[in-house]
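Me: Got a minute to look through a model with me? I'd like to go over it piece by piece.

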Amino acid sequence: MSATLLPAYAQDSGTPTSHKPDAAAPPVPGLSAGEKQSAFAPAVPQTAPAAASPQERVSVQHVKPDAAPASTATLAPAPVGPVPVPAPVEMAPKPAETAVAPDTPSSISATAPKGEAAPTGSQSVATASPAGQPAPSMAPTPEIPAAVPAETQAPKVEPKAEPVPPAEASTPAPAPSVAPAAVTMNLAARLADYVAKRGADAQAISDFYALRGATPLWIDNGALTPAAKALVDRMNRAGEDGLDASAFRVAGLDALSGASADAQADAEIALSAAVLTYVRQASSGRVDTRQISRDIAKAPNMPDPVAALASVAIASDPVTVLDGYNPASPQYLALKQKLADVRAANAAAAEATLPEVPAGPTLKVGMTDTRVAVLRTRLGLTASDADSDVYDEALQAAVRDFQATRNLKASGTLGPATVVALNAALRQPRVNTESEIIANMERWRWLPHDMGLTNVFVNVPEYKVWFTKDGVLSYEARVVVGKANTPTPIFSDQMSFVVVNPSWNVPQSIIKKEYMPKLAQDPGYLERRGYEVSYVGGQMQVRQPPGERNALGFIKFMFPNNFSVYLHDTPQRNLFSRDERAFSHGCVRVDNPYKFAELVMGNGWTEDSVRGLQGGEEQRIDLERKIPVHIAYFTAYVDGDGELQRLNDIYGYDRKVISALGLPG
């Protein structure tokens, strides 16, 4: 993988964080109290007056999702123009249940239940007086609520003081909007029905609307809001990110105007469900990794569903927030661009029929052959009429590039194997390129979106490990990974300590599959090789003590995990010279481990000081800070020159992912 792109694996966050497979899902950050209020506040119809201040709204905790709350459209408008300020007046005490003075503007919670104190912010009945009476200069100015529920208003009584001027008293109130009220009145009931028929996300959607007072977010006056239109358009283009746009489509959005209240409420709910589905698939992928292998653990990228809806609801640009749930790695974005390029190229290629390259003698630079013209057409090259049949250096370079993509010896010479590969690629490529790119984009969703500015990254099919510190690539080395029948697990965890001169406690799987058959033929097999054998509860335990012959070499790097794998040294140094290096039982063997130790241990350790511990007793050295470790599986990536590189699918995961996604192979 390109060194120019690799450090950016960790550019999603400024601080390293923990990412265990079983960790709790991360919350959506940045929701202040004001933003939460904005997300959960009941929407106000565009034709209705301004809503009451937050202190005067009904507390969302008192709204039950299965009850139809009063619509904001039923609230009477606030008076227009100057409003007389009520002043205190001597009044005899009255019973609490009748202590509301006539003509006194009252907040939504103006009266408390008998035996309870009045809520903070409500107007005290002891200071109420007929409207229009002058207020003493020392009297506090009470807050005038913007709206009063019509059904709670007290009967109108003629004031004893000077009446309000006719012009102000007779100002007619604008009629409230009816359509949003109808949707609101049905939304709670439709949510209850939706929850009864659906699963966990349905309950989260219901909880979200309960916090909003069961008022709509995406639909206003029988039409989609501008934010909803933008989100629908973005979800319709989900294919750009390798997702299936059909998973987020909502039926009936073009016929909302004039639709029934139930139909509008159903569309409102369906849009929220579509947003949550997009968040889930964009952040965590579409594939259940258990279908691919039990050796793959997906990071818990999906946020709390209510918080996810809130993050979109409060956004000034909801499309950007929705987009943000996709991986932000430069490699993911580069694959996204390559996906667009491949689709464009496939569309163009569909209009042309490419010829097969005829068999013939091996061609090298400078040779002339009539097949060269066909080869140029196949590889997208042009030439003048004078040299159209000459196998030149440009054609050699194009052949070399093709050979590299098919894991042939990249000599640039056109031999029989290359001709077969060219024609086989024309008839049926090893795997559909578009599908392969999408499969790799899917696997980016399995990794933590915040990979840490300092991290260890292993790409199993590439047989390489990188160490990035504070966003700067510090180390790159070859590694040996698991064999096809003992694959290296794919997961993320945190390196916490290093062991020098380690002993090796042989896993039971190796004892049963490899050692027991050998012991049956040669009882002294393990003893001659220096292994220590013991029995615990009737089960044989095998330990290899520290030393030059130890399978772990002289150092191992520990990130305790459910797979019991780690990075370590090896006495089999010759394996690092091979191109394909899948030889281990699952752990990752690291070339030049002492340099790697110097970097990950930090705190004054050097390569020489670590090497100086070699040969003594087993020693554990805790790291100053834990380092995220990501063991990944990518068979396609974009190199520093912007070219798509494809690697061998050593564990056969590509076709399984492609099949699980329902893509052409």
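Reply: Sure, here is a walk through the confidence, the annotated site, a helix and some strands.

Me: What kind of model is this?

Reply: It's a predicted model.

Me: What pLDDT does the protein chain average?

Reply: The chain averages a pLDDT of 77, and 70% of the residues score at least 70.

Me: Where does pLDDT stay under 50?

Reply: Residues 7-31 are one such stretch, and the model has 66 contacts beyond four places in sequence for them. Residues 42-179 are another, with 136 contacts of that kind. Where pLDDT is low, the predicted coordinates should not be read in detail.

Me: OK, on to the annotation. Where does UniProt place the "active site" feature?

Reply: The UniProt record, an unreviewed entry, puts it at H568 and C587. They span 20 residues in sequence, yet their C-alpha atoms are no more than 7.6 Å apart, so they gather at one spot.

Me: Is H568 buried or exposed?

Reply: Buried, because its relative accessibility is 4% and the cut-off for buried is under 20%. H568 is in strand β13, residues 567-568.

Me: What does H568 touch?

Reply: Beyond four places in sequence, H568 touches A551, L552, I555, K556 and F557, plus C587, V588, R589 and V590. That list includes C587, the other position in the UniProt feature.

Me: And where is C587?

Reply: C587 is in the loop between β14 (582-584) and β15 (588-590). C587 counts as buried too, at 13% relative accessibility. Leaving aside neighbours within four places in sequence, its contacts are V480, V481, G482, T488, S564, V565, Y566 and H568.

Me: Switching to helices. How many residues does α14 have, and how far does it reach?

Reply: Helix α14 covers residues 508-521, which is 14 residues, and reaches 19 Å from its first C-alpha to its last. That is close to the 20 Å expected at 1.5 Å a residue.

Me: Where does α14 bend?

Reply: At Y515, by about 45°. A proline, P517, follows within four residues.

Me: Which residues of α14 are buried?

Reply: I510, I511, Y515 and L519, so Y515 is both buried and the place where the helix bends. The buried residues of α14 pack against β9 (504-505), α15 (525-528) and β11 (539-544).

Me: What about E514, what does that one touch?

Reply: E514 is in α14 as well, and is partly exposed with a relative accessible area of 27%. Not counting residues up to four places away in sequence, E514 touches K483 and H585.

Me: You mentioned β9 and β11. In what order do the strands of their sheet come?

Reply: The order is β9-β11-β10, three strands in an open sheet with antiparallel pairing. β9 and β10 (532-536) stand at the edges with a single partner strand each, so one side of each is left without a neighbour in the sheet.

Me: How many bridges pair β10 and β11?

Reply: Five, in the antiparallel sense. Among the facing residues, E532 stands opposite R543 in β11.

Me: Next, β5. How many of its residues are buried?

Reply: Five of its five, residues 455-459, so under the 20% cut-off the strand is mostly covered. N455, F457 and N459 point one way from β5, while V456 and V458 point the other way.

Me: Which strands is β5 joined to?

Reply: Five bridges join β5 to β6 (residues 464-469), and those two run antiparallel. Four bridges join β5 to β16 (residues 619-632), and that pair runs parallel.

Me: What does V456 face in those strands?

Reply: Its bridge partner in β6 is F467, and in β16 V456 stands opposite V629.

Me: What's in the hairpin of β5 and β6?

Reply: There are four residues between the strands, and Y463 takes a positive phi near 55°.

Me: Last one: where is D369 found, and what does D369 touch?

Reply: D369 is found in the loop between α9 (330-349) and α10 (371-379). D369 is buried, with a relative accessible area of 14%. Not counting residues up to four places away in sequence, D369 touches P361, L363 and D389.

Conventions:
Residues are numbered from 1 along each chain as its sequence is written. This is a predicted model: local features need pLDDT of at least 70, side-chain atom pairs count only at pLDDT 80 or more; totals for chains, interfaces and linings use all residues. Side-chain values use heavy atoms; hydrogens and water are left out. Buried means under 20% relative accessible area, exposed over 50%, partly exposed in between (1.4 Å probe, protein chains only). Contact means heavy atoms within 4.5 Å. Two strands pair if DSSP finds at least two bridges between them. pLDDT is the predictor's confidence in each residue, from 0 to 100. UniProt positions are given in the numbering used here, feature names are shortened, and annotations may be inferred rather than shown by experiment. The expected span of a helix is 1.5 Å times one less than its number of residues. The bend at a residue is the angle between axes fitted to the seven residues ending there and the seven starting there.
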